[in-house]
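Reader: I'm new to this and keep tripping over the vocabulary. Could you walk me through the labels and how each one is earned?

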Amino acid sequence: MRQILNDNQISLGQLINVPLQKLDKSNKDYDKKVLEICHTGKFLMLLTSDFHISEVRERPDFIIESDDGSKIGLEHEILVDPIHKKIEGSFSDLVKTTERLFRERHPETKLLVNISVNTTKKLSKRENPILVERLLSMIEDAISNTQFEENDLVYNISCHKHSKLIFNTNTGAWWQRSLHTDIVAKSIRKKEQKRLSYIKNTGLNEQWLLIVVGSLSHSSYELDSEFDRNFKMETGFSRVFLMEDFNARLFEI
C-alpha cells in the first residue's frame, strides 16, 4: 500500500458543486448521495487534477471522466463498525422523526437544536412513537427555558438561534477503533462479488473501488500506526483506494 501525495490546486468546490446541484432534494437517499459526492470529490482532489465526476448513479456509484475523455466506474464504500452504526442510525432516525413532528406543530420556529443522546439505551421500533413524543416534550421544554433534567434517553439539549430549523444528534465522545487489514480485505471481497455487474451496467471494463474510513462518528475506524502499511491484495478492480476522510490522506492498495 502506498500513500498518494498530490499538490494540485483544484478545489473541492470545483469538483462537487455541479453534481450536488443536480441532486433531487426530495429523494429519500439525498443525504447519502451528498456524502458520497463529497467523499468522491475529496478523493479526486487528492488523486489528481485530471478527473471529474461525470455521472452520479448506482452500481457503481459514479462514473468519473478524465480530461482526455476516458471514463471509469467508481464504487464508493464507507467502512464502519456495523454494531455502532446501527445504534447511531436508530438515534438519528428518532431525532429526524421528532424534527418532522416539531416542524408540523411549530412551523414558524427557526432554531438549531443539539440533542446529546444516551447511546447505552436500547431503542425498539415498538416504543418509537412514545419516545418521539417524549423527546418532543423535552425539546419544547428546553425552548421554553424549563430546566432540563438528564435522563435515560438524553444527556442534554441546547437551543440556538438559526436561519432554519435543524435538529442535530450528538452521540457523545468516543474512541475510534483501529483499522486492521482483515476488515479492509473483507470489504474488498464483498465488493468483488459485484464487480462484473458494475462492468455490465456501465459498459466500462475499468472499475475502481474507493473505501473511506475516519469520518467523525462513533462507528468509524482510525487508520493508525497499527495498520500494516505493506498490505496488498489481489483483486479484479483496476485500482483500489483507501481514503482517510478526517485527515485527508489517500492510499492505493
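Author: Sure! Start with pLDDT, the predictor's confidence in each residue, from 0 to 100. You need it here, because this is a predicted model. The protein has a mean pLDDT of 88, and 92% of its residues reach 70 or more.

Reader: Where is confidence lowest and where is it highest?

Author: The low spot is strand 8 (residues 177-178), with a mean of 74, while helix 6 (residues 195-202) tops the list at 98.

Reader: Why is the pair of F227 and F231 called edge-to-face?

Author: Ring centres must lie within 6.5 Å to pair, and planes over 60 degrees apart count as edge-to-face. For F227 and F231 the centres are 6.2 Å apart and the planes are at 80 degrees, so the pair is edge-to-face.

Reader: What makes F227 count as buried?

Author: Buried means under 20% relative accessible area. F227 has 3% relative accessibility, so the label fits. F231 has 9%, so F231 is buried too.

Reader: How do you know that the charged end of R239 sits over the ring of W208?

Author: The distance cut-off is within 6 Å of the ring centre, along with an angle limit of 35 degrees from the ring normal. R239 is listed over W208 at 5.0 Å from its centre, so the distance part checks out. W208 also belongs to a cluster, linked by ring pairs, with F43, F51 and F241.

Reader: What makes strand 1 (2-4) and strand 2 (51-56) edge strands?

Author: The open sheet has seven strands in the order 1-12-11-9-4-3-2. Strand 1 and strand 2 are its edge strands, and each pairs on one side only.

Conventions:
Residues are numbered from 1 along each chain as its sequence is written. This is a predicted model: local features need pLDDT of at least 70, side-chain atom pairs count only at pLDDT 80 or more; totals for chains, interfaces and linings use all residues. Side-chain values use heavy atoms; hydrogens and water are left out. Two strands pair if DSSP finds at least two bridges between them. Helices (H or I, at least four residues) and strands (E, at least two) are DSSP runs, numbered from the N terminus. Rings of Phe, Tyr and Trp (its six-membered ring) pair if their centres lie within 6.5 Å; planes under 30 degrees apart count as stacked, over 60 as edge-to-face and the rest as tilted. Buried means under 20% relative accessible area, exposed over 50%, partly exposed in between (1.4 Å probe, protein chains only).
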